[in-house]
Amino acid sequence: MKALKYLAILIVALCAATSCSSDSDNDNGYEKVDTVLFQSFDGYIYVTSKYIPRTYYGKQAWLGVYNAGSEIVVKFSDPQWGNAIFTKAKVGTEISATGNITINYGNKVDTYGALLSGSTLKPVITIPTVMGGCTIEFFPGEPSMANVTAGEYKGTNTVTVGGAYDYTADITYTITANADSTINIEVPEYTLTGTIMGDLKLGAYTIENVAYDKGKDQFYQEYGKYGLSQEFTATQKGQVTMQGDYAFTDNSYIIVKRTVYGLQVENSFQLGKMPFPIVATFESTATAIPSGK
């Protein structure tokens, strides 16, 4: 309902602006007339580029819709991604406009050409000459914890086998947000070398619809109840001693928490008829997602 209300207000505001007068031939005409703010929105953004996966970048973004004489003007600002202004915006169910954005890129504050497009419900800013092509998606309102947590996290996974032996591997967790505010957790394939069982390869799998526990400030699911399995291979001195796709036991669970540094994951599981538990504890050492605070 909030999204529909936002859409209705924005369309009404922009349609009102277009009815004021005809388009001006002066691209900078808005600088010479009084601007009238029809509506402004606080929101959050996702950023995508050639070098950044689609990533949540905090909830301090702002977007304003103005009438400036005969033009529709849209302004955008964000503490990390700068300030933009778009003139002569064309509006229907879709928005289109050209403009400029001023950001700190490569330790240098500069202004770059930008495009405004997308629907009135989800405006998108495209900056072709930054980071191999960069897009900023704007969403009005408060993000859910799923939105805040979504992204790719690189770090060290410490795996404890049987409660006694620790092994490590560098991995990347991928978290995606669902519309119902749950998350999907993509656990990657990784290898542990030199364990008491030899070299182990643990296959990739995805845990879906993991719900957020507000009281504990964490996502939690006992995923062993849902028929998931993992490919598991053990190799000793070049010989495969164990290989197969093994179901997780019912007591397998995962806990995901946002931290100041990124992400913390505790993944406790058993496979098939293996007599020992495996606990994988992950801490992100680098994250694609700033704190957003």
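This is a short talk on one buried glutamine, the aromatic pairs and two charges placed over rings in a predicted model.

I'll start with glutamine 230. You will find glutamine 230 in strand β17, which covers residues 229-236. Is glutamine 230 buried or exposed? Its relative accessible area is 1%, and the limit for buried is under 20%, so glutamine 230 counts as buried.

What does the side chain of glutamine 230 reach? The partner is the backbone oxygen of glycine 203, at 2.9 Å. Glycine 203 is also among the contacts of glutamine 230 once neighbours within four places in sequence are set aside. That list includes Leu202 and Tyr205. It also has Gly244, Asp245, Tyr246 and Phe248, and then Phe269 and Leu271. Please keep Phe248 in mind, as I will return to that residue.

Next, the aromatic rings. How many aromatic pairs does the structure hold? The count is 14. I'll take two of them in detail.

One is tyrosine 220 with tyrosine 253. The ring centres are 5.9 Å apart and the planes stand at 35°. Pairs count as stacked under 30 degrees and as edge-to-face over 60, so this pair is tilted. Tyrosine 220 belongs to strand β16, residues 218-221, and tyrosine 253 to strand β19, residues 253-259. The two are 33 residues apart, and the pair links distant parts of the chain. Both tyrosines are partly exposed: tyrosine 220 has a relative accessible area of 33%, and tyrosine 253 has 21%.

The other pair is tyrosine 223 with phenylalanine 248. Here the centres lie 5.1 Å apart with the planes at 80°, so the pair is edge-to-face. Where do these residues sit? Tyrosine 223 is in the loop between β16 and β17, while phenylalanine 248 is in the loop between β18 (239-247) and β19. This pair also links distant parts of the chain, across 25 residues. Tyrosine 223 is buried, at 0% relative accessibility, and phenylalanine 248 is buried at 4%. As promised, phenylalanine 248 is one of the residues in contact with glutamine 230.

Elsewhere, ring pairs join Tyr44, Tyr46, Tyr56 and Phe139 into a cluster. One member of that cluster, tyrosine 46, has arginine 54 over its face, 4.1 Å from the ring centre.

Last, which ring does the charged end of lysine 75 sit over? It is the ring of tyrosine 66, and the distance to the centre is 4.5 Å.

Definitions and conventions
Residues are numbered from 1 along each chain as its sequence is written. This is a predicted model: local features need pLDDT of at least 70, side-chain atom pairs count only at pLDDT 80 or more; totals for chains, interfaces and linings use all residues. Side-chain values use heavy atoms; hydrogens and water are left out. Helices (H or I, at least four residues) and strands (E, at least two) are DSSP runs, numbered from the N terminus. Buried means under 20% relative accessible area, exposed over 50%, partly exposed in between (1.4 Å probe, protein chains only). A polar contact is a pair of N or O atoms within 3.5 Å; within protein, one must be able to donate a hydrogen and the other to accept it, and residues adjacent in sequence count only if both atoms are side-chain atoms. Contact means heavy atoms within 4.5 Å. Rings of Phe, Tyr and Trp (its six-membered ring) pair if their centres lie within 6.5 Å; planes under 30 degrees apart count as stacked, over 60 as edge-to-face and the rest as tilted. A charge sits over a ring if NZ of Lys or CZ of Arg is within 6 Å of the ring centre and within 35 degrees of the ring normal.
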